[in-house]
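Student: I have a model open and want to read its cysteines and aromatic rings. Can you walk me through them?

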Amino acid sequence: MWDNLWIGGQIATLNPDIAGAYGLINDGAVACDNGKIIWVGPVSDLPGAQQSLAKNVTRLDGALMTPGLIDCHTHLVYAGDRANEFEARLLGKSYEEIARAGGGIRSTVKATRAASEDALVSASLPRLDALITEGVTTIEIKSGYGLDVETELKMLRAARRLSDMRLVNIQTTFLGAHALPPEYDGRADNYIDYICSEMLPAAHEEGLVDAVDGFCENIGFSLAQIERVFKAASELGIPVKLHAEQLSDLGGAKLAATYGALSADHLEYLGQDGVEAMAAHDTTAVLLPGAFYFLRETQLPPIEALRDARIAMAVATDCNPGTAPMTSLLLAMNMACTYFRLTPEEALAGVTRNAAKALGISRQTGTIEVGKSADLAIWDVASPAALSYHIGSNPLTTRMIAGTS
């Protein structure tokens, strides 16, 4: 007998091989055994009497089942906050002005360096819990607020510990090339040396790195500097991704794509050459409408160009203390629709199937398909579009990882 069988629901599989919007199966059924999905289809096609097929049979009564949600871009682990910078921006200061004056990422670096690993875990748990309550089953967490070996490792260890304290899948990303620490002022190339020769190897040696990221921007690092980080990651066999084209078009997305990047993220200023490179190398576009909103940006990512090039578009919170203090992936879906004009189907794909692709875990999760982990969410809504439609409500009723809630 199967471990679990859910029957009589709307099953939004997000499987592109199933015809129709959302890969939807009405009056559908899903079965799992040993944590894996082993049967998906209409109730009428079940291979026997329902009670004889599974130890536990749950009637969905028309409720919606989706894959568990995936937040594929966050900076969830940090200390301190930057509410004062929010106020400064409202009083006329730009993000770049604040960063160049020693605020921005550096202020969070100072607080994070001073915090213990236990303190980082405690500070991060409420943010993680907020995402979990909205059906998130997998979350990516970046380092990048340490900018030295000790603190970067501390952040990554704290991120990994969160999965021991909550039922959630954690993917950790090394983001040493996030900003220039004060002790390296005027010596950016020396800092890149430090990343490549000491920081990244130490994190990799400890098994703390699922991917390597960087911030390619005028207030971040140049193309040449990011390429050195990518080469170091490639030598260690670690996949890469990149914060690219958020404030200007430096060609970061094109560079990332040529290194086979899992994703290029932000992309408000992405040009056509970047689009073409991403399409050629199957690099996912990660859209971050929370940062767009919080920074009061007006330059929209080139959504139509991404669609025309058939580039997978993911959606994430970008949860961070400075530019997206946001812990609602459902709100990010709504913002992606209202600001970027994604369809509700694109938004849901963006936090499931395409988010899994952005993390390189599509074989394990992201759609409701036989052989994948039974990472599932059940919602009290009448249609999948309702998940992007509502603002400030949470219709989640059940969240499961490997069939366990």
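Tutor: We take the cysteines, then the rings. Keep in mind that this is a predicted model.

Student: How many disulfides does the structure hold?

Tutor: Start with the idea. A disulfide covalently joins the sulfur atoms of two cysteines. This structure holds zero disulfides.

Student: Why is cysteine 72 not in a bond?

Tutor: Distance decides. The closest cysteine sulfur belongs to cysteine 319, and it is 13 Å from the sulfur of cysteine 72, so the gap is too far for a bond. The cut-off is 2.5 Å.

Student: What about cysteine 196?

Tutor: Cysteine 196 is in no disulfide either. Its nearest cysteine sulfur, in cysteine 216, is 14 Å away.

Student: Are cysteine 72 and cysteine 196 buried or partly exposed?

Tutor: Cysteine 72 has a relative accessible area of 1%, so it is buried. Cysteine 196 has 21% and is partly exposed. The line for buried is drawn at under 20%.

Student: Now the rings. How is an aromatic pair described?

Tutor: Two values describe it: the distance of the centres and the angle of the planes. The count here comes to 10 aromatic pairs.

Student: What kind of pair do phenylalanine 86 and phenylalanine 294 form?

Tutor: A stacked one. The distance is 5.0 Å centre to centre, with 20° between the planes. Stacked requires planes under 30 degrees apart.

Student: Where do these two rings sit in the chain?

Tutor: Phenylalanine 86 is in helix α2 (residues 83–90), and phenylalanine 294 is in helix α11 (residues 289–294). They are 208 residues apart, so the pair links distant parts of the chain. Phenylalanine 86 is partly exposed at 35% relative accessible area. Phenylalanine 294 counts as buried at 16%.

Student: And how do phenylalanine 230 and tyrosine 259 pair?

Tutor: Their centres are 5.6 Å apart and their planes meet at 55°, so this pair is tilted. Phenylalanine 230 lies in helix α8 (residues 223–235). Tyrosine 259 lies in the loop between α9 (252–258) and β11 (263–266). The two are 29 residues apart. Phenylalanine 230 is buried, at 1% relative accessible area, whereas tyrosine 259 is partly exposed at 24%.

Student: Which residues form one aromatic cluster?

Tutor: Tyr184, Tyr191, Tyr194 and Phe221.

Student: Which residue lies over the face of tyrosine 78?

Tutor: Arginine 127. Its distance from the ring centre is 3.7 Å.

How values were computed
Residues are numbered from 1 along each chain as its sequence is written. This is a predicted model: local features need pLDDT of at least 70, side-chain atom pairs count only at pLDDT 80 or more; totals for chains, interfaces and linings use all residues. Side-chain values use heavy atoms; hydrogens and water are left out. Buried means under 20% relative accessible area, exposed over 50%, partly exposed in between (1.4 Å probe, protein chains only). Rings of Phe, Tyr and Trp (its six-membered ring) pair if their centres lie within 6.5 Å; planes under 30 degrees apart count as stacked, over 60 as edge-to-face and the rest as tilted. Helices (H or I, at least four residues) and strands (E, at least two) are DSSP runs, numbered from the N terminus. A charge sits over a ring if NZ of Lys or CZ of Arg is within 6 Å of the ring centre and within 35 degrees of the ring normal.
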